[in-house]
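Open the model in your viewer and keep the selection panel at hand. The stops below go one selection at a time.

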Amino acid sequence: MRKLFTLMGLLVVASMVLAACGGGATPTTAPAQPEEPAATEPPAATQPPATEPPAAEPGILRVNSVTFPDIVDPQKSSFVSEIAVLQMVYEGVTKLDGDLNTVPAASDKWEYNADATQLSFHLRDGLTYSDGSPLNAARFEYSFHRNIDPATAGEYAAITDDILGAAEWRGCTDSCDDEKAVVDDSVKASHEDGSDCTGYDDAACNTFTLKFKQPAPYFHTVASLWVGYPAKQELIEAGGENWWLDPANQIGNGPFVLSNLEQGVNAHFVPNENYWDTKPSYELDYSYIVDSAVAFEAFKNDELDIVVAAAEDLGTIQNDATLKEQYVNYAGSCTFAVMFHQLKEPFTDPAVRAAFSYALDRNAWVTDVLQGLGAPALTWIPPGFPGFKEGETRFGFDAAKAVQTLTDAGYTVENGQLMKGGTAIPIELTFSDSPRNRTRYEWLAAKYKEVLGIDMPLNPVEATTYTSLTKDVKTAPQMFILGWCADYPDPQNWLSVYWKTGAFGERIGFSNPDMDALMSQADAELDPTKRADLYQQAQDMLVAGGYVAFMWNNVNSYLVKPWVKDITRTPMDANWPGQQVPTSITVEAH
Amino acid sequence: MATYFLRRILWMIPVLFTVALITFVMMHSAPGGPWDRDLSARQVDPATQKVLNTYYGLDKPLWRQFVAYVVGDFTQEGKFDCGLVCGDLGPSYRVRGRSVQDILFEPPKGKSAIYSRFGYSMRLGFLAVSMAAIIGIPVGIAAALKQNSWVDYLSLFIATIGISLPSFVMAIFLIIIFASILHLVSVIPKNWDEIKAWILPAAVLGFGTMAYVARLTRTSMLEVLRQDYVRTARAKGLHERVVVFRHMLRNAIIPVVTILGPALAALVTGSFIIETMFSFPGMGRAFVTAIGQRDYSMIMGTTLIYVFLVSVANLAVDFLYVFIDPRIRLED
Amino acid sequence: MTEIAGPQLPAITELNVRGRSPWQEAWGRFLRNKASLGGLVIVIFFMLVTVFASVIAPHSPLQLHSGKSFLPPAWVEKSTTGKTGDQQFLLGTDTLGRDALSRVLYGSRVSMMVGFVPTVIIILVGTLVGMVAGYYGGTWDNFLMRLTDIMYGFPDLLFFIIVLIALRDTWIGELMSGLFLLFFALAIVNWVSVARLVRGQVLSLKEKEFVEAARSIGVKDSRIMLRHLLPNILGPLIVLTAFQIPNLIILEAILGYLGLGLKPATNPDAFFITSWGSLLLEGQTAINAQPFLLLAPAVCVALVVVAFTFIGDGLRDALDPRMRGTQ
């Protein structure tokens, strides 16, 4: 028996030793930072006793980025938190400003040819990476090329498919030399006079040209996306598949330098001294706390400066004088709708679709389910985005009208079943099973029962199974909630990318050739006013047709400490407020 | 005896193979695939999907994929890519570019192996089991010796909390108490080199096991208490401590040891909720999320690691049985 | 020898002592144990709640009340969210304004069954396997223990997904709103630890003298296992049972979290509507807004655990042959 206890005692001691050893000295206050830039000051005196996290110093912004990236590679990343890292370290040829206009970034001007089938960027003179090495157009040629390369197989690669030859090369599986040659020609770095560049050290290599398969006058906005960020070829190739794990390989041209990337735990950024524009005045620190209750505690404990404010915590926030001041809430970049399967009964009938849209009490949804974190929507493009239509009222909530529309079209409701001509048409609500979704669909079922009297059994399905169901038009559910968030602030992304025949609308069997024609026309239109008008007509057609029931727009809901100032808010702040223009932010002493 | 243990070790191979086969079949029969991601994220478009399927060999027949996983297969250039038998657990489907053994066993650059995800989980698991044993067993003994006293009821109360509170609830409570109110630790542990940061996660992880161990020890001891040889030992005038430790505990400890073995394996791999709540850099998350994400290699890899750990743990437990009670014979 | 006149004893014609079987004696002991009696009362109470939930509950568990979300319990003047309790909703409301008390009452149905039914299967199967493996040893032990190693190893979650998805739309999946399938899956996955525990106990017990004695007089193996070994392993077995129950209740919640839970009901007349496990999950995110959403089901689970623990202890004490005559 003694032996057993000794053994166990040893076990405990061993685990303690193992846990504590390695790493030597145990710092208790500031996090292990590689170097101290001049901007930061020693920790302020006001610190809770014996705590762990970086002291609340002026000059460090501590953000909760929620989910740790799966991969931080410009041509392979696609998640919100991955983009939040890339945006800080790199910069594209263009970028978005606080009003979501596309403004110069790595390039200082750009020019389309006469029919917008070609776009040329002129890179800024003297542009360098954070390590001082020169950044020329050849770098962008490499990054755009890499994005299209089928070997890369990036999840967002399709976004640049307007480039001539891109779609063909991406989808090519055997010998692809011909397809590759086309792309070699469409994505080209050159000298100002058009002659070829000699390499990455060629200082005169300052022109970057893209050729498109049809006119694409919006592409300067697409070029701001992370898929074109100029990561260094030699570092990628030397580092192999895992090159992105080592901050030393992430040499970029953005406002920050990645100084630390700890798997699952932390990402830390310091200002880029070689950034061409205003340098940030603070260091940036991302934590990755997935549980919102824990993140909230950390915020209240002064361990984080910015966190997402979850719906459940809104009541507590509103009722607390301090927290109330720290709460920000502004329009987001997503629209959610109840999608009706155009090819499945009963939603083949526009009258049923209309009735279901009239029966949807969007205000109650926002109040009950979203706890106020949202705004009812009756149109596709959200407020704050170019193309938004103010004052749309069609298909809004009207319970009486809903019932009337159904009756007028010859439907009755008996015993909770929708009936036409004596036959019952069953409707089932299929959705991805999660506690949040259950609440949502339970509400939906209850409300439709209340207004229309129809019983809709709930059918929750495991998440991945659900995704595979929705991808095929044959197995997609009759009705389900789905949203779209803008990739870039242009109506082309909202309309053409989503609703053209064969695009995302295909999964519900949507196809409208008249709308297709309008959208294609708008895509190619060079005159901005005419273009905006054409897109508006397309959106109008979308709304008038009552194909789906637009439901709500999301909001960006965050808690921000009072010493974080001058945040430039944009609807596209999907990860943290001010992320689009981080250089405007200042972190005061506190 | 030595042959027995050798045979047990050899038996692990067919066990692992069977588990691999069953898991492989099951995971490929689950609907959906690695490219069917959460709908809130951008979906992989069909062209890219095709390329990826070719790259990962998902377009090959299932039997061939299984053989490729276990033994190996020839790449497009004709090279032979060795599989499981060479220690290659396959490429992750979710984190493209990294292999499963990379993700689980590779420490960050320049650090020793205990800083890998597996290393962190091992340390946490050991710590949790140790806490469960070191606290649970004495509490169980005390409760048995003082049956129906306040010690007994207090231990019952704590045990009840331990098992009826799910870990995600206990975690948030403890965080609120120890971090927000008492400020003894921070909500976000920044430095895992300090033992302080490990206490809460280990406590939450091991609490259930500790409660179980305490009750089990108590029950076992109560059984033993009624035995004649205890009365004899006491009648002989032996010191109480000798009676308890040398005579009673030895017999009572068998069921406890039985569950502690697999408990260790389960705790090492089952820290999903702990990792979520405390941002702990372990490998527990991989077990759960891999299945939802249909990351086939990760599912196979984590399953095999778990079976391996459990088999080793059970072997160790059987070994301990003999140690504790020499009358136990393992072969027949 | 003279006759000494002793006290006159009445003629004994019949023995007026009613024989009591060991089971009756055990039952009597069980009832005299106040703790186990209390436990039994609690379990019976929850069983009644299970059956009569629709009668006792003040509201329908599915009834939404717009604008009344996250109300605190009726006795709270002003909660941290600034809301006041409403007499109508004794324990407050959840995110959609549904009455928390009613939901907890209805939740007992699924939770009590999820706690009970698979546990019975698990204990039966696990004990059988463990006994055989431990008693016979050799190849039986090897085979059965390797089988448990395999079962231990393969990912429960994957198994759940396959079974629940594959069979969900079949007649098996429709039984009892999908609960039958859930019980079946839970039982298959959880019997292994019981088997190992029983095996360990049997290994240690079978070398004891009383077993040797029984064998030497030719008692059949099955009788030895049933009559001699089983009562002695009852102790840890009962503890295990007492722990399985909350384990299963919470496992059901986690399955719900991962997308494999009970089908939610839209019809308030359905028997199975929600479970304590689901309520725990819903309550965890709302811990700041309305802590009673979490506390109510947690207290219920705790009560059930304590009840079963006391019953278990009481059972073991009552059935222990050595206790005879000590109470």
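Two strands count as paired if DSSP finds at least two bridges between them. The model is predicted.

**Stop 1: the β9 strand of chain A**

Select residues 266-271 of chain A, which form β9(A). By that pairing rule, β9(A) pairs with β10(A), residues 283-287, in the antiparallel sense over four bridges. Pick out H268(A): its bridge partner in β10(A) is D285(A).

Now add residues 256-262 of chain A, strand β8(A). Six bridges join β8(A) to β9(A), and these two strands also run antiparallel. Where does L258(A) stand? L258(A) is opposite F269(A) in β9(A).

Next, look at the turn. The hairpin of β8(A) and β9(A) has three residues between the strands. Check the backbone at G264(A): its phi is positive, near 75 degrees.

Is β9(A) mostly covered or mostly open? Mostly covered: six of its six residues are buried. Colour the two faces separately. N266(A), H268(A) and V270(A) lie on one side. A267(A), F269(A) and P271(A) lie on the other. Both faces are covered.

**Stop 2: an open sheet in chain A**

Select β14, β15 and β16 of chain A. They make an open sheet of three strands, in the order β14-β15-β16, with antiparallel pairing. Which strands stand at the edges? β14 (411-414) and β16 (423-425) do, and each has a single partner strand, so one side of each is left without a neighbour in the sheet. From one strand to the next, the twist averages 40 degrees.

Zoom in on β14(A) and β15(A), residues 417-420. Four bridges join them, and they run antiparallel. V413(A) stands opposite L418(A) in β15(A).

**Stop 3: K109 of chain A**

Select K109(A), in strand β4 (residues 107-112) of chain A. Buried or exposed? K109(A) is exposed, because just 10 other C-beta atoms lie within 10 Å, and a residue counts as exposed at 12 or fewer. Leaving out residues up to four places away in sequence, K109(A) touches P104(A) and H122(A). Draw a distance from K109(A) to F356(A): 49 Å, C-alpha to C-alpha. In sequence, the two are 247 residues apart.

**Stop 4: from chain A to chain B**

Show chains A and B together. Here 62 residues of chain A are in contact with 67 residues of chain B. On the chain A side, α1 (2-20), α8 (292-300) and α15 (463-470) each supply at least two residues. α1(A) gives the most to this side, with nine residues. By class, the chain A side has 31 nonpolar, 19 polar and twelve charged residues.

**Stop 5: chain B and the cores**

Hide the rest and show chain B. It has 13 helices and two strands. Its C-alpha trace spans about 80 × 60 × 40 Å along the principal axes. Of its 332 residues, 52% count as buried. Take the contacts in chain B with a separation of 6 or more: residues 24 or more positions apart account for 67% of them.

Bring chain A back for the largest nonpolar core, which has 351 residues. Which members touch the most others? V307(A) and A171(B) do. Select A171(B). Its contacts, apart from neighbours within four places in sequence, are V204(B), I273(B), I274(B), M277(B) and F278(B). There is also a second, separate core of six residues, including V44(B), A47(B), V51(B) and L52(B).

**Stop 6: from chain B to chain C**

Add chain C. 51 residues of chain B are in contact with 42 residues of chain C. Several helices of chain B give two or more residues to this side, among them α6 (150-164), α8 (195-225) and α13 (296-324). α1(B) gives the most, with nine residues. The chain B side divides into 31 nonpolar, twelve polar and eight charged residues.

**Stop 7: two helices of chain C**

Finish with residues 100-136 and 179-205 of chain C, helices α3(C) and α7(C). At what angle do they pack? About 40 degrees, with their axes 5 Å apart. The crossing is right-handed. The residues of the contact divide into 23 nonpolar, five polar and two charged.

Methods:
Residues are numbered from 1 along each chain as its sequence is written. Chains are lettered from A and ligands numbered from 1 in the order in which they are written. This is a predicted model: local features need pLDDT of at least 70, side-chain atom pairs count only at pLDDT 80 or more; totals for chains, interfaces and linings use all residues. A residue is buried if 20 or more other C-beta atoms lie within 10 Å of its own, exposed if 12 or fewer, and partly exposed in between; C-beta atoms are placed from the backbone. Two residues are in contact if their C-beta atoms, placed from the backbone, lie within 7 Å. Ala, Val, Leu, Ile, Met, Phe, Trp, Tyr, Cys and Pro count as nonpolar, Asp, Glu, Lys and Arg as charged, and the others, Gly among them, as polar. A nonpolar core is a set of buried Ala, Val, Leu, Ile, Met, Phe, Trp, Tyr and Cys residues joined through C-beta atoms within 7 Å. Axes are lines fitted to C-alpha atoms, for helices over the stretch in contact, and angles run from 0 to 180 degrees between N-to-C directions. A crossing is left-handed if the near helix is turned anticlockwise from the far one by less than a right angle, and right-handed if clockwise.
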